[in-house]
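Please work through the following questions on the ligand surroundings, the nonpolar packing and the backbone geometry of the model. Each answer sets out its reasoning and closes on the item requested.

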Amino acid sequence: MDDRMFRTAMGKFTTGVTVIASEHNGEVHGMTANAFMSVSLDPKLILISVGENAKMNEILQEAQKFTVNILTENQQELSMIFAGQIKDRKVIFDTFEGMPVLEDALVSLACRVYDSYAAGDHILYIGEVINLSVQDGEPLTFYEGKYNQVTS
Ligand code: FAD
């Protein structure tokens, strides 16, 4: 089993797309992530997985809080901006529970870092959800390295 086969296999798992956002010293930083899952109802915990070389780690380790913004089908461009695929775009963030959130996201979760673990070449962050907002809309999806939409 080589890296390529592992990536191909994992790409068969259809996911939504999120932007993780956090702020430290007045700098808002966003990062696109699809490694996101719900973990626990009591307490309300979620998990994100961040590559060990991502800038987001420095921000999370300092701020100890972050938001998860689940993107709608109309927000592919935001996913590309925060994955570094579209450069030099200004993005305006709203504030929720004192944290940066993306306007019009399907869901925004405001989290504090509950725990973190090094796992291979990624860091797993467990977030305790302190508040959330939900809006109407359809999700952006990601499958086999391509964006898509839920069709019914
Ligand atoms: P950078 O690469 O420095 O920043 C990311 C980009 O966001 C840069 O272009 C930066 O200019 C821009 N940006 C940041 N903040 C702002 C702001 N305030 N205003 C405007 N632009 C800003 N990686 C993971 O580790 N885990 C995952 O689960 C994951 N899932 C992914 C899912 C998809 C669909 C895609 C496309 C990528 C995914 N990635 C994931 C890769 C990850 O998004 C990129 O490697 C990203 O560039 C890492 O961000 P960084 O924190 O290192 O910061």
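Q: How do the residues of the shell around the ligand divide into nonpolar, polar and charged?
A: A residue belongs to the shell if one of its heavy atoms lies within 4 Å of the ligand. Ala, Val, Leu, Ile, Met, Phe, Trp, Tyr, Cys and Pro count as nonpolar, Asp, Glu, Lys and Arg as charged, and the others, Gly among them, as polar. The shell residues divide into 13 nonpolar, nine polar and two charged.

Q: Which residues are the closest to the ligand?
A: This is a predicted model, in which local features need pLDDT of at least 70 and side-chain atom pairs count only at pLDDT 80 or more, while totals for chains, interfaces and linings use all residues. Residues are numbered from 1 along each chain as its sequence is written, and side-chain values use heavy atoms, with hydrogens and water left out. The ligand is surrounded by 24 residues, of which the closest are H29, T32, S49, G51 and K55.

Q: Which strand gives the most residues to the shell around the ligand?
A: Helices (H or I, at least four residues) and strands (E, at least two) are DSSP runs numbered from the N terminus. Strand 3 (27-33) and strand 5 (45-51) each supply at least two shell residues. With six residues, the most is given by strand 3.

Q: What percentage of the ligand's own accessible area does the protein cover?
A: Polar contacts, pairs of N or O atoms within 3.5 Å, join the ligand to the backbone. One ligand oxygen is 2.8 Å from a polar backbone atom of T32, and a ligand oxygen lies 2.9 Å from a backbone N or O atom of K55; a nitrogen of the ligand is likewise 2.9 Å from a backbone N or O atom of S49. Of the 990 Å² accessible area that the ligand has on its own (Shrake-Rupley method, 1.4 Å probe), the protein covers 73%.

Q: Is H29 buried or exposed?
A: H29 lies in strand 3 and, leaving aside neighbours within four places in sequence, is in contact (heavy atoms within 4.5 Å) with I20, A21, S22, K55, M56 and I59. Buried means under 20% relative accessible area, exposed over 50%, and partly exposed in between. Because its relative accessible area is 16%, H29 is buried.

Q: Which strand supplies the largest share of the largest nonpolar core?
A: A nonpolar core is a set of buried Ala, Val, Leu, Ile, Met, Phe, Trp, Tyr and Cys residues joined through side-chain atoms within 4.5 Å. The largest one has 21 residues, with I46, I48, V50, M56 and F66 touching the most other members. Strand 3, strand 5, helix 2 (56-63), strand 6 (65-70), strand 9 (107-119) and strand 10 (122-134) each supply at least two of its residues. The largest share, four residues, comes from strand 9.

Q: How many residues form the second, separate core?
A: In soluble globular proteins, nonpolar side chains tend to be buried together. M56 is in contact with I20, A21, S22, H29, G30, M31 and V50, apart from neighbours within four places in sequence. The second, separate core includes V19, A21, F93 and L102, and its residues number 13.

Q: What is the relative accessible area of V19?
A: V19 lies in strand 2 (residues 18-24). Leaving aside neighbours within four places in sequence, its contacts include G30, V68, F82 and L102. V19 counts as buried because its relative accessible area is 0%.

Q: What is the relative accessible area of L102?
A: L102 is placed in strand 8 (residues 99-102). Beyond four places in sequence, L102 touches V19, N69, L71, L78, F82, V91, F93 and S108. L102 is buried because its relative accessible area is 3%.

Q: Which residue is joined to D42 by a cis peptide bond?
A: Most residues other than glycine have a negative phi, and most peptide bonds are trans. The loop between strand 4 (36-40) and strand 5 holds P43. At an omega of about 5°, the cis bond joins D42 to P43.

Q: What is the positive phi of E97?
A: E97 lies in the loop between strand 7 (93-96) and strand 8. At 42% relative accessibility, E97 is partly exposed. Although E97 is not a glycine, its phi is about 55°.

Methods. A polar contact is a pair of N or O atoms within 3.5 Å; within protein, one must be able to donate a hydrogen and the other to accept it, and residues adjacent in sequence count only if both atoms are side-chain atoms. Buried means under 20% relative accessible area, exposed over 50%, partly exposed in between (1.4 Å probe, protein chains only).
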